[in-house]
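Q: Got a model open here and want to talk it through. Can you take my questions as they come?

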Amino acid sequence: MKFPVRIEIIPAQGIVEQVQALVPATTTVSVTCLPHHGIERTMRTAVELSDAGYRVIPHLAARSIRTRAELTDIVRGCDAAGIREVFVIGGDRKQPAGVYDSALPVLEDIAQYSSGMMRAGVAGYPEGHPLVSPVDLLDGLLAKQHLASHVVTQMCFSAGKIHDFAALLRREGVHLPVWAGVAGSVPRTKLVALSTQIGVGSSLKFLSRKGPLARKLLSGDRYSPDSLITGLESQPGNLAGIHLYSFNSLESVPAGRDQATNSALQTALIRGAARDN
């Protein structure tokens, strides 16, 4: 079974032109929201890509939204641009910028403001979260699933752990489709340079603790997720697709419907975890 693949990008300068040059317009593109960029840059990039014909999923970090009026404007902007899906997380800010401190109230307000028409993804953590207990993570997904359309997992290097996570959700009553977060092929030098550029250099220590495949990624070799994707495809029906975290490394994206190759690294997972609660 070949999974559909979405690509996540960072809204850096020039990324819209890079996507248009290298990524087929049939590809779904997810746009991150980093604390030092802010939601404004995420939404500007998302709207430009939507206008260019891409199906776009902007990230909305709850702790970066200042007011409910700002969230209303975001929903209106998405509607005007033909954006019908967002991805809602707590975000990496230590202190909320405004009224929201977690994903759940943002999901509730989005459902109200859009009359339930806006789809919303939420985050899942196959290997746990450094700040939230497994029970609280599960309870959070149970509380959010009636407002959500799917789960995107934290980057993981083990197909078994991702499959186990999806099975756990089913057993515990979370029935949302699960997209597996997969790191693409990124040279060590680019990883280090980009991690510094987006302010995540210190979290490389976190990635180095994630096992032999992650350590290989930080060595002189270029990591390839081919075997991981093969393992994920071994259980058809368990997962909805691959969420390929980019780091804006788009050179190897091929033509084809909603498909991509090994070209990315997920920012939030290198950061350690984009806090969801």
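Q: Which residues touch the most other members of the largest nonpolar core?
A: This is a predicted model. In it, Ile9, Val19, Leu49, Ile110 and Leu232 touch the most other members of that core. The core has 70 residues.

Q: Take Val19. What is Val19 in contact with, leaving aside neighbours within four places in sequence?
A: Ile9, Val29, Leu49, Tyr54 and Leu250. Ile9 and Leu49 are also on the list of residues that touch the most other core members.

Q: And Ile110? Which residues of α4 are buried?
A: Ile110 is one of them. The others are Ala103, Val106, Leu107 and Asp109.

Q: Where do they sit around the axis of α4?
A: On the same side of α4, because their arc around the axis is only 170°.

Q: Why would residues three or four places apart point the same way?
A: An α-helix has 3.6 residues a turn, so that spacing brings them round to the same direction.

Q: What do the buried residues of α4 pack against?
A: Three strands and two helices: β3 (55–61), β4 (85–89) and β5, plus α3 (68–81) and α5 (134–144).

Q: What comes after α4? Where does Ser114 lie?
A: In the loop between α4 (103–113) and β5 (119–124). A polar atom of the Ser114 side chain lies 2.7 Å from the backbone oxygen of Ile110.

Q: Is Ser114 buried or exposed?
A: Buried. Its relative accessible area is 13%, and the cut-off for buried is under 20%.

Q: What phi does Ser115 take?
A: A positive one, about 55°, just after α4.

Q: Switching topic. Where is Val152 found?
A: In strand β6, residues 150–153. Val152 counts as buried, at 3% relative accessibility.

Q: Which residues is Val152 in contact with, beyond four places in sequence?
A: Phe87, Val122, Ala123, Gly124, Trp179, His243 and Tyr245.

Q: How far apart are the C-alpha atoms of Val152 and Pro177?
A: They are separated by 8.6 Å, and the two residues are 25 apart along the chain.

Q: Back to Trp179. Which residue lies over the face of Trp179?
A: Arg6, at 4.1 Å from the ring centre.

Q: How many aromatic pairs does the structure hold?
A: Zero.

Q: Last one, the whole chain. How many helices and strands?
A: Eleven helices and eight strands. The chain has 277 residues, and buried residues make up 57% of them. Among contacts between residues at least 6 apart in sequence, 80% join residues at least 24 apart.

Technical notes. Residues are numbered from 1 along each chain as its sequence is written. Side-chain values use heavy atoms; hydrogens and water are left out. Helices (H or I, at least four residues) and strands (E, at least two) are DSSP runs, numbered from the N terminus. Buried means under 20% relative accessible area, exposed over 50%, partly exposed in between (1.4 Å probe, protein chains only). A polar contact is a pair of N or O atoms within 3.5 Å; within protein, one must be able to donate a hydrogen and the other to accept it, and residues adjacent in sequence count only if both atoms are side-chain atoms. Rings of Phe, Tyr and Trp (its six-membered ring) pair if their centres lie within 6.5 Å; planes under 30 degrees apart count as stacked, over 60 as edge-to-face and the rest as tilted. A charge sits over a ring if NZ of Lys or CZ of Arg is within 6 Å of the ring centre and within 35 degrees of the ring normal. The arc is that of the directions from the helix axis to the C-beta atoms. Contact means heavy atoms within 4.5 Å. A nonpolar core is a set of buried Ala, Val, Leu, Ile, Met, Phe, Trp, Tyr and Cys residues joined through side-chain atoms within 4.5 Å.
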